[in-house]
Amino acid sequence: MKVKSVSLLLAALALCSLPGCRKTVQAGASEDLVSKVLFTAAGSYDAQADLKERIPGALRRTTWTTKPPLPVQKIVLQYDSDARPLAWFLSLSGAQFTAQSLAGEGAAQVNTPQGQGWRPMKGTRLEDVLIVPTGQDSMNILTRAYVTQNEPALLEAFKAR
């Protein structure tokens, strides 16, 4: 019985290494990126963070530099400890993707006091965030709740579509 299970596992691994299988995985890469962004913000990868800090008030900051959970060089996550899934801000440095690609197809380009930004399309899992490029390979990702509490100058970007 064990030999049969091992044989099936090896066959499945061999099939997944075929070029056609790889294309399927790559086609869903942007969806996987959105999931990883949301899991990072929610705390799923906190155990591998390099630094965890308390900021006066109810804010917390988590930093990844050694082993970031996203294809970037550095992640700084700031969040409201009382409403973490809703109110967070990610600063990404050395990203291997663009703000526009993360925002996805149909995203709206918006003006902010910090420059041009992107609002993902309604109905997507990132619909309530603002993505603002901060350099060639860096960006900030902010939720509406975080902006409301900490960066009210950016609220206008959530009204534009």
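Q: In this predicted model, where does a residue count as buried, and is L59 buried or exposed?
A: Buried means under 20% relative accessible area, while exposed means over 50%. L59, which lies in strand 2 (residues 59–64), has a relative accessible area of 14%. That value falls under 20%, so L59 is buried.

Q: Which residues does L59 touch, leaving out those up to four places away in sequence?
A: Let's stay with L59 and look around it. R84 is 25 residues away in sequence, and its C-alpha is 9.3 Å from that of L59. Not counting residues up to four places away in sequence, L59 touches R54, Q78, Y79, D80 and N150.

Q: Which element gives the largest share of the largest nonpolar core?
A: The largest nonpolar core has 26 residues, and W88 and L92 are among those with the most contacts inside it. Elements giving two or more residues to this core include helix 3 (29–42), strand 4 (88–93) and strand 8 (138–143). The largest share, four residues, comes from helix 3.

Q: Which residues of strand 5 point to the buried face?
A: Along strand 5 (residues 108–112), the side chains take turns between two faces. Q109 and N111 point to one face and are not buried. On the other face, the buried ones are A108, V110 and T112.

Q: Which residue in strand 6 does Q109 stand opposite?
A: A hairpin takes you from strand 5 to strand 6 through two residues. These strands pair in the antiparallel sense over five bridges. Across from Q109, in strand 6, stands W118.

Methods
Residues are numbered from 1 along each chain as its sequence is written. This is a predicted model: local features need pLDDT of at least 70, side-chain atom pairs count only at pLDDT 80 or more; totals for chains, interfaces and linings use all residues. Side-chain values use heavy atoms; hydrogens and water are left out. A nonpolar core is a set of buried Ala, Val, Leu, Ile, Met, Phe, Trp, Tyr and Cys residues joined through side-chain atoms within 4.5 Å. Buried means under 20% relative accessible area, exposed over 50%, partly exposed in between (1.4 Å probe, protein chains only). Two strands pair if DSSP finds at least two bridges between them. Contact means heavy atoms within 4.5 Å.
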